[in-house]
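Biologist: Could you take me through the salt bridges here, with a close look at one spot where charged side chains meet? I'd like to hear how the partners sit in the fold and how open they are to solvent.

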Amino acid sequence: MPARVALVGDGLLREMVDVVDISVGGMALTAAVLSGATPGKRMKLSIALGSDEEHAIEVETRWTAGGVVGVEVVDAPPRAAQAISRYVAELLERGGSA
């Protein structure tokens, strides 16, 4: 089940990032565009989980280590929060890491 996440910049600029890990409350992400992220930095992401539609969410950087950035979801519309919960539950049912 693919998770597609893009960092949304000003205007139409979008940079794809790789999802290392995902949970209901946050994600671990990696991409060159995230190299300057520091704890406390807020970012807007577009997230599509499996075959679900794209959702706009806001995250805040909590930690960085070895090119990986840990973010907490701080603002997600209810539909986005439900989609993330369903995705994580399905991963856990399949025995994958979430």
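Modeller: Let's fix the term before we start: a salt bridge here is a side-chain nitrogen of Lys or Arg within 4 Å of a carboxyl oxygen of Asp or Glu. Keep in mind that this is a predicted model. Searching the whole structure turns up seven salt bridges, and I'd zoom in on Glu60. Its side chain meets that of Arg42 in a salt bridge, at 3.3 Å from N to O. That pair ties together distant parts of the chain, with Glu60 in strand 5 (residues 54-65) and Arg42 in strand 4 (residues 42-49), 18 residues apart. Glu60 also forms a salt bridge with Arg62, where the closest N and O atoms are 3.0 Å apart.

Now for solvent. Glu60 has 12% relative accessibility, so it counts as buried, the cut-off being under 20%. Arg42, at 48%, is partly exposed, and Arg62 is also partly exposed, at 41%. Stepping back a little, Arg42, Glu60 and Arg62 belong to a network of salt bridges that also links Glu58 and Glu72.

For a contrasting setting, have a look at Glu90 and Arg94, whose side chains meet in a salt bridge at 3.0 Å, N to O. These two are four residues apart in helix 1 (residues 78-94), so about one helical turn separates them. Glu90 is partly exposed, with a relative accessible area of 35%, while Arg94 counts as exposed at 56%.

Terms used. Residues are numbered from 1 along each chain as its sequence is written. This is a predicted model: local features need pLDDT of at least 70, side-chain atom pairs count only at pLDDT 80 or more; totals for chains, interfaces and linings use all residues. Side-chain values use heavy atoms; hydrogens and water are left out. Buried means under 20% relative accessible area, exposed over 50%, partly exposed in between (1.4 Å probe, protein chains only).
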